[in-house]
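Here are my notes on the model you sent over, as numbered points. Have the coordinates open while you read.

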Amino acid sequence: MFEQALPLLESYFGYHSFRNGQEQAIRSVLAGKNTICVMPTGGGKSICYQIPALILPGTTIVISPLISLMKDQVDALLQIGISATFINSSLRFNEANERMYEAKKGTYKLLYIAPERLESPDFIKDLKSMNIPLVAVDEAHCISQWGHDFRPSYRHIQQMIDHMPQRPKVLALTATATPLVREDICRQLDIDERNTVITGFERENLSFSVIKGQDRLKFLFEYLKKNENEAGIIYAATRKNVDLLYERLRKEHINAAKYHAGMGDVERAREQERFLEDKASVMVATSAFGMGIDKSNIRYVIHFQLPKNMESYYQEAGRAGRDGLASECILLYSPQDVQIQRFLIDQASDRSRKSAELEKLQQMVDYCHTENCLQEFIVSYFGEAETKPCGRCGNCTDNRGKIEVTREAQMVLSCVVRMGQRFGKNITAQVLTGSKNKKVTDMGFHKLPTYGIMQNKGAKEVGDFIEFLIAQEIIGIEHGQFPTLFVTPKGKDVLLGKEQVFRRETVQVKQVSKNDPLFETLREVRKRIADRENVPPFVIFSDAALKDMCAKIPKTSEEFLQVSGVGEHKLQKYGQEFIQEIRAFCEEHPDYKSELEADSEPLKKPAKKTVGESHLETLKLYQSGLSIAEIAKEQGLAISTVETHLLQCAQQSLEADFTRLIPDEYIPLLENAVAEAGRERLKPIKELLPEEVSYFMIKLYVYHLSKTAR
Ligand code: ADP
Ligand code: ZN
């Protein structure tokens, strides 16, 4: 039976190969074994039951806890020409009856139901008269009390299966890996643990980072500005924080939506829809948002505040990049948030769970402080034994310089001590910078020896520095009526000169994906179609499919079918509309080259001559010892332009040592990669190297080689 699987994947879904774990899961199900499939979010679990549903006679039942997810999944299936429907509490009585009537006639290949349905004896009777070969249990961890989202109605699933005359097979799917939960699922759904399909938990398209000791709002606004075309989620810890952040974003004219449990149902649904339909690019929410959100083109997830444990964090952050494209997960850390989470745990948990939850919170805090690979920290937290650094995360790619700031730290600490450790950040910063503020003089602080010792800096800058010291746990915060600063034991060592303090340069905000004019055009076409068909845009095509169109530039139906994510049905429905736009675009932009291709330009082509000799100016600055960023600033150029200049110089064999631009540890990697892939094209070389070795470095290295070979 399995021979049919790949052709179906191609013709319906438009994908050319199975992902890790999918084939194994499908084979197991088709061999008639009850199976559990554990894959991270975005791993491609749905295909594991959708393909068997197409192959097996009858109707596959999918149990899913989430109403919004069901609708999206069914929409997506209808889009590719597979008959499917759902039955849940969002339907009117008549509607549900009609669908059940059709279901009993065998109209659907897939029927999605909410678990609560299984509590109705009438519904079970209806199911009995159907031909059901397979029951797929999505979010299967909901069956277990050990999981993070226990749902009692999941307990009825096994009963239902026992009632069915032909005992359907079970496929349980989850992204939760803990062995305890897995065992529980297997026991309750009668799955032999040997039939476990489990893939690694690493998400290869996500890069994680933790930002500490920086102004969070400033970082956030810069980030949003730089990525304004992309969709993202910002998680905050409390409803109040969501409301506040939302207002701030609106003031900055950022098109945001919001979501938390304190809002009315109607408003919440409306906000969610605006986000799903790409009408608002940013969603500000508490952790109440996101379960069952299928939106695949989320490019970033920012945690404005610390989440309560690694499970929640990985689940929430994991909503980025379900389409497999590069995406970012950023956590903005501030030690005060640990207090908030402690408080929430205190309020919510019964006593028996409290210590376990505090323990989990501590691990979350450890994550924020590790200097090792963040992705590695996560997968080993989830029990993966063999791990290696990801090469993408904030820690793996950190090459910021360190500056010693021990003296400044001592100034702040002694000021805190002299003020009696009874005051907050702002007034301390004012004292240090010599503010004439009335409160400062009223308290007599202008007579302190530390008054004005940092007057060459602004109060805001000193405030940021205090935040940094808090993040380093050199200064602590006491939460009384007002938060007040005190010197921690570590801070005492700094004061006594026993410990030095280093500060890294601030993290620069990145753009998650480069601007590509064709991509923007196609995104608009997709939006137009989505509005017309009244479905979210990602149901029409994923961002990954649009990117592949940009790379392949299909101008005929055959070419369009080659695009990953284009099956026969979508070719029929949308092929012409997209092809026309692509053709028109190419006429208008004869020089267009997709962002992907531009990077892998063959080397043999002579470099384009830039007007004038500005690259020589760049060279001069470079030779005087400036970094690329400094040159860019000096000349008012983009960093990429400076890089192009330097490449030009390298290619023209102008005298300079360009290897200084490639970190030493990459040289042996480059050597190996070139030995394996040759020097003809860059892309194959790039693919053998860690993400952070840029095309720029590869080009430099290859030029360097060709020069020394001569
Ligand atoms: P999960 O349920 O595990 O979170 P999904 O089933 O929603 O993941 O799949 C995530 C994304 O990956 C979807 O956009 C899906 O279309 C895509 N996908 C699934 N399988 C493949 C495949 N074999 N090739 C390419 N893309 C795939
Ligand atoms: Zn890493």
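1. Let's start with a pair on one helical face of things: the side chains of Arg 92 and Glu 95 come together in a salt bridge, 3.6 Å from N to O. For the cut-off, a salt bridge here is a side-chain nitrogen of Lys or Arg within 4 Å of a carboxyl oxygen of Asp or Glu. Arg 92 has 59% relative accessibility, so it counts as exposed, while Glu 95 has a relative accessible area of 28% and is partly exposed. Those words have fixed limits: buried is under 20% relative accessible area, exposed is over 50%, and partly exposed is in between (1.4 Å probe, protein chains only). (Scrap my "one helical face" wording there; I have no support for it, and the salt bridge itself is what counts.)

2. Before going further, some ground rules. This is a predicted model, in which local features need pLDDT of at least 70 and side-chain atom pairs count only at pLDDT 80 or more, whereas totals for chains, interfaces and linings use all residues. Residues are numbered from 1 along each chain as its sequence is written, chains are lettered from A and ligands numbered from 1 in the order in which they are written, and side-chain values use heavy atoms, with hydrogens and water left out.

3. How many salt bridges does the rule give? The count is 36. One of them joins Glu 311 to Lys 360, at 2.9 Å from N to O. This pair links distant parts of the chain, with Glu 311 in helix H12 and Lys 360 in helix H14, 49 residues apart. (Helices are DSSP runs of H or I with at least four residues, numbered from the N terminus.) Glu 311 is buried at 13% relative accessibility, and Lys 360 is partly exposed at 28%.

4. Lys 438 and Asp 442 also form a salt bridge, their closest N and O atoms being 3.0 Å apart. The two are 4 residues apart in helix H18 (residues 438-442), so about one helical turn separates them. Both Lys 438 and Asp 442 are exposed. Elsewhere, salt bridges with shared partners join Asp 278, Lys 295, Arg 299, Asp 323, Arg 526 and Asp 543 into one network.

5. On to the rings. The whole structure has 19 aromatic pairs. To pair, rings of Phe, Tyr and Trp (its six-membered ring) need centres within 6.5 Å; planes under 30 degrees apart are called stacked, over 60 edge-to-face, and the rest tilted. Tyr 313 and Tyr 367 have ring centres 5.6 Å apart and planes at 50°, so theirs is a tilted pair. Since Tyr 313 belongs to helix H12 (residues 310-317) and Tyr 367 to helix H14 (residues 351-369), the pair ties together parts 54 residues apart in sequence. Both tyrosines are buried.

6. Which kind of pair do Phe 541 and Tyr 574 form? Theirs is edge-to-face, at 6.2 Å centre to centre with 70° between the planes. Phe 541 sits in the loop between helix H22 (537-540) and helix H23 (543-552), and Tyr 574 in helix H25 (residues 568-588), 33 residues away. Phe 541 is buried at 1% relative accessibility, and Tyr 574 is buried at 0%.

7. There is also an aromatic cluster, made up of Phe 201, Phe 208, Tyr 313, Tyr 314, Tyr 367, Phe 377, Tyr 381 and Phe 382. Have a look at two arginines too: the charged end of Arg 27 sits over the ring of Phe 2, 3.9 Å from its centre, and that of Arg 99 over the ring of Phe 86, 4.7 Å from its centre. "Over" requires NZ of Lys or CZ of Arg within 6 Å of the ring centre and within 35 degrees of the ring normal.

8. The domain assignment splits the chain into domain 1 (2-198), domain 2 (206-381), domain 3 (402-504), domain 4 (517-599) and domain 5 (611-708); such bounds come from an automatic or database assignment. The C-alpha centres of domain 2 and domain 3 are 30 Å apart. Their contact (heavy atoms within 4.5 Å) takes 9 residues from domain 2 and 10 residues from domain 3.

9. How much area is buried between domain 2 and domain 3? The figure is about 810 Å², with carbon and sulfur atoms giving 52%. Buried area is the accessible area (1.4 Å probe) that two parts lose on being put together, summed over both. On the domain 2 side, Gly 213, Pro 335 and Gln 336 lose the most, together 51% of what that side buries. The count between the two domains is 1 salt bridge.

10. Last, a polar residue to check: Gln 272 in helix H11 (residues 265-276). Gln 272 is buried, with a relative accessible area of 13%. Leaving out residues up to four places away in sequence, Gln 272 touches Ser 68, Tyr 259, Met 283, Phe 289 and Ile 293.
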